[in-house]
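Opening my notebook on a new structure today. I'll jot things down as I look them up.

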Amino acid sequence: MRTFNILKKEKDFFLASTGKSHCKIIIDDYSSELPFGEVTLHVEEVSNKYKYYSNEAIFKLTLPLDEQNNIDICTLSSGRKNQFVYKKCLKLGGKWEPILNQWVFSSSVEDKVRELENIIHGEEEYCEVTFKETVTIHNQELTLFGYPIISSINATSINTVKGVKLHSGNIAVLGTKTIVVAGTRVRLFVPKLMREHQGFREDYLCATLTDKKRKPNKKRAYSWE
């Protein structure tokens, strides 16, 4: 749920604010009788500047106004840190609960939450991503399919996130700029459905080639270790 300050009713939208940001709420059968002033609502973010001709965040109610006090919830364990999963959870009106270590949503969006869960927790593939050309990333973290690649840097090397392997090539971080040199190969585990989904692809993935590889052998445990 999110708290909004409803400011004005126009033809297709309510003008509102949430926190320090202005936004719009779509007028439909669920929202047409929204009162002005502060109100807490079950919503889903549907922002699309090409569809709605607006750079502001666009929301729609996921429950009729008279059912907004419904407190039924559903939860999602999101697994490894992933920037696309994070954004999709926020769009579904989710809230991170550190005590549960889970995302909490209104049950009104449970179908979409379960679709996301199916993608996140589906069968994983061990993939090798090869950069066909040098890629420069400005003011953002280097990720592949939403998963962070770099955990730390020092004067002589780059350390990758646990489970990610810089198989060959070179990655350089210069201030707010990250450069991945052509020919660099990175290996990581990616859920199969996520790899196939267009909603989990960075723009620069068009300059890469992704192949499925045999999973690395697990270290054998001996009784004396």
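**A small start: strands**

I began with T136, which stands opposite I179 in β18. Worth remembering as I go: this is a predicted model. I then followed the pairing outward and saw that β11 and β18 (residues 177-180) run antiparallel over 4 bridges. I noted that they belong to an open sheet of 3 strands, in the order β11-β18-β17, with antiparallel pairing. I wrote down β11 (135-138) and β17 (171-174) as the edge strands, each pairing on one side only. I also looked up the twist, and it averages 15° from one strand to the next.

**Rings**

Next I turned to the aromatics and got a count of 6 aromatic pairs. I looked at F4 and F59: their ring centres are 5.2 Å apart and the planes sit at 70°, so I put the pair down as edge-to-face. F4 belongs to β1 (residues 2-9) and F59 to β6 (residues 57-61), so this pair ties together parts 55 residues apart in sequence. Are these two buried or exposed? I checked, and both F4 and F59 are buried.

W96 and W103 make another edge-to-face pair, 5.9 Å centre to centre with 65° between the planes. I found W96 partly exposed, at 34% relative accessible area, whereas W103 is buried at 6%. I also noted that Y86 joins W96 and W103 in one aromatic cluster.

**Charges over rings**

Last, I looked for charges over rings. The charged end of R80 sits over the ring of Y147, 3.9 Å from its centre. I found K88 with its charged end over the ring of F200, 5.1 Å from the centre.

Conventions:
Residues numbered from 1 in each chain as written. Predicted model: local features only at pLDDT ≥ 70, side-chain atom pairs only at ≥ 80, totals over all residues. Heavy atoms only, no water. Pairing = 2+ DSSP bridges. Helix = DSSP H or I, 4+ residues; strand = E, 2+ residues; numbered from the N terminus. Axes fitted to C-alpha atoms, helices over the stretch in contact; angles between N-to-C directions. Phe/Tyr/Trp six-rings, centres within 6.5 Å; stacked < 30°, edge-to-face > 60°. Buried < 20%, exposed > 50% of the residue type's maximum accessible area, 1.4 Å probe, protein only. Lys NZ or Arg CZ within 6 Å of the ring centre and 35° of its normal.
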